[in-house]
Amino acid sequence: MCGIVGYIGNLEKKDLIIGGLRELEYRGYDSAGFSVLSHGELHAFKAVGKLINLEQKSKDFSSSGFGVAIGHTRWATHGKPTEANAHPHSADFSHVVHNGIIENHRELREKLECMGHRFLSQTDTEVIVHLFEEYLKECGDALRAFEMSVAELKGAYAILLITQKEPNKIFYAKNASPLIVGRGKEGVFFASSDAPLIGWADEVSYLEDGSVGVMDLENFESVGQISKLSQDRSYAQKDGFRYFMEKEIYEQHAVLLESMMGRIHEGRVELEFENLGFWDGVDEITICACGTSYHAGMVGKYLLERYGKIKTNVVIASEFRYATPILKDHELFIAISQSGETLDTLEAVKYVKKSGLKTLAICNVDNSSIVRECDEVLLTRAGIEKGVASTKAFATQVMVLWLLSVFLGGKRGVLSVQEIDEHIQAMIGSAKKTEVCSKLHDRIKRLSKRYLHGHGFFFIGRDVFYPLALESALKLKEISYLHAEGYPSGEMKHGPIALADSELFTVALMPQHLLYEKIKSNVEELSARDATICAVSSQEFDGADDMLYIQPCKHYMEEFFSMMVALQLFALEVAVRVGSDVDMPRNLAKSVTVE
Ligand code: F6R
């Protein structure tokens with residue numbers, strides 16, 4: 001995810017800003033840049049790739065004396081990771097950096113272009129600096145112009161802007177993207193998370209949503225609630241969580257909103273295909289992926305067939321490649337991958353391309369090998385995932401597949417405007433359901449101690465809850481090394497029920513809004529054979545030994561996302577109790593680039 005730093009003071013600004021960006025490297029980025037405004041002059045440097053490239057480009061530059069500076073690491077969302085798209089973005093006399101997504105950037109850009117503004121990048125961010133200069137022309141007051149610009153923006157943002165018209169100040173705004181301002185003896189500092197501030201700021205203010213203002217060396221006190229800054233750097237990188245995986249589970253609410261942003265509108269879903277004729281003639285889909293991404297693909301099959309009314313196959317990449325698959329002319333091949341580098345998936349894409357199939361990547365990393373290989377891409381926008389066990393990447397993959405199925409339902413005329421709107425409400429509701437409440441997490445911590453022995457786990461579910469059962473079992477085995485399997489609940493009686501006894505733990509996914517009665521009788525069959533049942537549901541179930549309650553939901557997909565979080569936390573807490581390395585479990589790698 002993108003990172004922001006800013007500085008007002010006398011220190012050498014280039015070193016300070018690049019040093020701050022380095023503290024944000026762990027979040028992942030594909031380009032970086034900074035601007036310094038000192039002695040009335042604006043200097044900007046940008047580079048694709050790692051910070052070393054930015055250092056190289058700016059090696060002959062230094063800034064002495066008082067000045068202001070802003071810097072940014074970019075994780076591409078709108079527009080490719082190129083130098084032109086890297087931040088800061090500029091107009092005539094101002095520069096801006098931004099984290100988040102401006103949903104209405106297209107409308108704003110069109111309006112500004114009609115007024116004669118020339119845009120240099122494909123980003124949503126660039127509208128901010130043009131809006132600012134336009135309003136400044138109109139009202140002559142920089143703060144007022146900044147406030148008027150921010151009032152026009154829809155979406156999520158943390159913004160820092162500097163301008164030659166007010167050379168000693170940084171303008172800032174925050175909504176739904178983190179932004180912190182701090183003060184130390186060397187000046188005033190901004191950052192999008194604690195890490196770059198450590199060692200520089202003693203006291204900080206975590207800006208509230210809706211904050212818009214201007215900062216100079218004198219007015220730090222104006223920002224609102226001020227607190228002392230903890231100086232523990234590794235804790236800061238994990239945003240105060242014990243593990244990256246835990247942090248990433250908690251981030252799901254925010255990243256799901258990012259994956260929806262700019263794609264949902266009242267009564268319609270719009271996806272950013274560059275080739276408008278991409279869907280012409282497509283009447284079947286094959287989804288190909290590995291591991292967790294494959295599980296997301298399985299969920300996608302249910303959704304694409306149910307809402308897009310399009311036949312969908314799901315294949316495991318390593319199996320697909322050597323199975324002499326039959327490929328049809330009108331088939332679209334979708335490769336799902338968090339990293340975009342998984343060799344089996346990449347090779348499968350190359351294989352189908354030789355037969356002329358259209359290809360679409362659903363991926364978290366722009367410019368990765370799979371993205372470059374495919375004709376079109378839908379980025380999942382989960383931000384970098386550090387925990388080896390995938391969590392937020394899975395959540396966003398499912399969300400993008402849901403968006404795609406509703407997009408196709410609309411395009412193929414099988415979903416009405418009202419039905420699409422109901423899906424959109426359910427999507428927003430689902431993101432909300434992934435917010436972790438401390439009561440649920442505490443309950444799961446307590447519950448986990450009862451599940452450390454026995455001879456294994458069965459996670460069972462039906463429909464989309466079957467791949468969720470598979471995924472939950474995978475999470476548990478990956479990080480706790482306990483044996484766990486996912487199974488369709490209706491299949492248990494065809495064999496695995498033979499294992500049922502009190503030492504077999506069955507985690508039953510029991511959504512209220514999808515086949516509740518069917519799964520209930522499957523679970524009763526197991527309970528009658530004395531299996532230990534942990535029911536995950538919003539409904540009380542008499543046959544359960546333990547209940548893992550989720551909040552009542554309006555739609556089965558809300559229940560899906562709610563259970564997903566509960567079961568990720570369950571895997572995490574069991575792993576913590578057995579003492580395994582949660583973020584780097586044995587024998588596993590984050591990106592599997594071998595066969
Ligand atoms: C499990 C996990 C793996 C990956 C798989 C594919 O937590 O992360 O199963 O899903 O290795 O990786 P990507 O999605 O990068 O292609």
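Which helix gives the most residues to the shell around the ligand? Keep that in mind for Exercise 2; first, a word on the model.

This is a predicted model, where local features need pLDDT of at least 70, side-chain atom pairs count only at pLDDT 80 or more, and totals for chains, interfaces and linings use all residues. Residues are numbered from 1 along each chain as its sequence is written, and side-chain values use heavy atoms, with hydrogens and water left out.

**Exercise 1. Split the chain into its domains.**

Step 1: The assignment (bounds come from an automatic or database domain assignment) gives domain 1 (3-237), domain 2 (245-433) and domain 3 (438-578).

Step 2: Now get a feel for the spacing: the C-alpha centres of domain 1 and domain 3 are 45 Å apart.

**Exercise 2. Describe the surroundings of the ligand.**

Step 1: Start with the helices (DSSP runs of H or I, at least four residues; strands are runs of E, at least two, and both are numbered from the N terminus). α9 (291-307) and α16 (465-480) each bring at least two residues to the shell. The opening question is settled by α9, which gives the most, with 3 residues.

Step 2: Find the nearest neighbours. A residue is near a molecule or strand if one of its heavy atoms lies within 4 Å of it. There are 14 residues around the ligand, and Ser-293, Ser-337, Gln-338, Ser-339 and Thr-342 come nearest.

Step 3: Sort the shell by chemistry. You should get 4 nonpolar, 8 polar and 2 charged residues. Here Ala, Val, Leu, Ile, Met, Phe, Trp, Tyr, Cys and Pro count as nonpolar, Asp, Glu, Lys and Arg as charged, and the others, Gly among them, as polar.

Step 4: Look for polar contacts (a pair of N or O atoms within 3.5 Å; within protein, one must be able to donate a hydrogen and the other to accept it, and residues adjacent in sequence count only if both atoms are side-chain atoms). A backbone N or O atom of Gln-338 sits 2.6 Å from a ligand oxygen. A polar backbone atom of Ser-390 is 2.8 Å from an oxygen atom of the ligand. Lys-475 uses its side chain instead, with an N or O atom 3.0 Å from an oxygen atom of the ligand.

Step 5: Check how covered the ligand is. Taken alone it exposes 410 Å², and the protein buries 89% of that. Those areas come from the Shrake-Rupley method with a 1.4 Å probe; for residues, only the protein chains shown count as cover.

**Exercise 3. Is Ser-580 buried or exposed, and what does it touch?**

Step 1: Locate Ser-580: it's in the segment after α18 (556-578).

Step 2: Apply the cut-offs: buried is under 20% relative accessible area, exposed is over 50%, and partly exposed is in between (1.4 Å probe, protein chains only). Ser-580 counts as buried because its relative accessibility is 13%.

Step 3: List its contacts (heavy atoms within 4.5 Å). Leaving out residues up to four places away in sequence, Ser-580 touches Ile-479, Ser-480, Tyr-481 and Ala-575.

Step 4: Set it beside Lys-350, which sits in helix α11 (residues 343-354). Lys-350 is partly exposed, with a relative accessible area of 33%. The two are 230 residues apart in sequence and 37 Å apart in space, C-alpha to C-alpha.

**Exercise 4. Work out the packing of helices α5 and α8.**

Step 1: In α5 (residues 142-152), the buried residues are Ala-142, Ala-145, Phe-146, Met-148, Ser-149 and Val-150. They pack against α4 (126-139), β7 (155-163), β8 (170-175) and β12 (211-215).

Step 2: Check the start of α5: there, a side-chain oxygen of Asp-141 comes to within 3.4 Å of the backbone nitrogen of Leu-143.

Step 3: In α8 (residues 252-260), you'll find Gln-252, Val-255, Leu-256, Glu-258, Ser-259 and Met-260 buried. Partners of these buried residues include α13 (392-411) and α14 (417-433). Just after α8, Gly-262 has a positive phi of about 75°.

**Exercise 5. Hunt for unusual backbone geometry.**

Step 1: His-39 isn't a glycine, yet its phi is positive, about 50°. His-39 is in the loop between β2 (31-38) and β3 (41-48), and is exposed, with a relative accessible area of 65%.

Step 2: Asp-530 also has a positive phi, near 70°. Its loop runs between α17 (516-528) and β24 (532-537), and at 49% relative accessibility Asp-530 counts as partly exposed.

Step 3: Finally, His-87 and Pro-88 are joined by a cis peptide bond, with omega about 0°. Pro-88 lies in the loop between β4 (67-74) and β5 (89-90).
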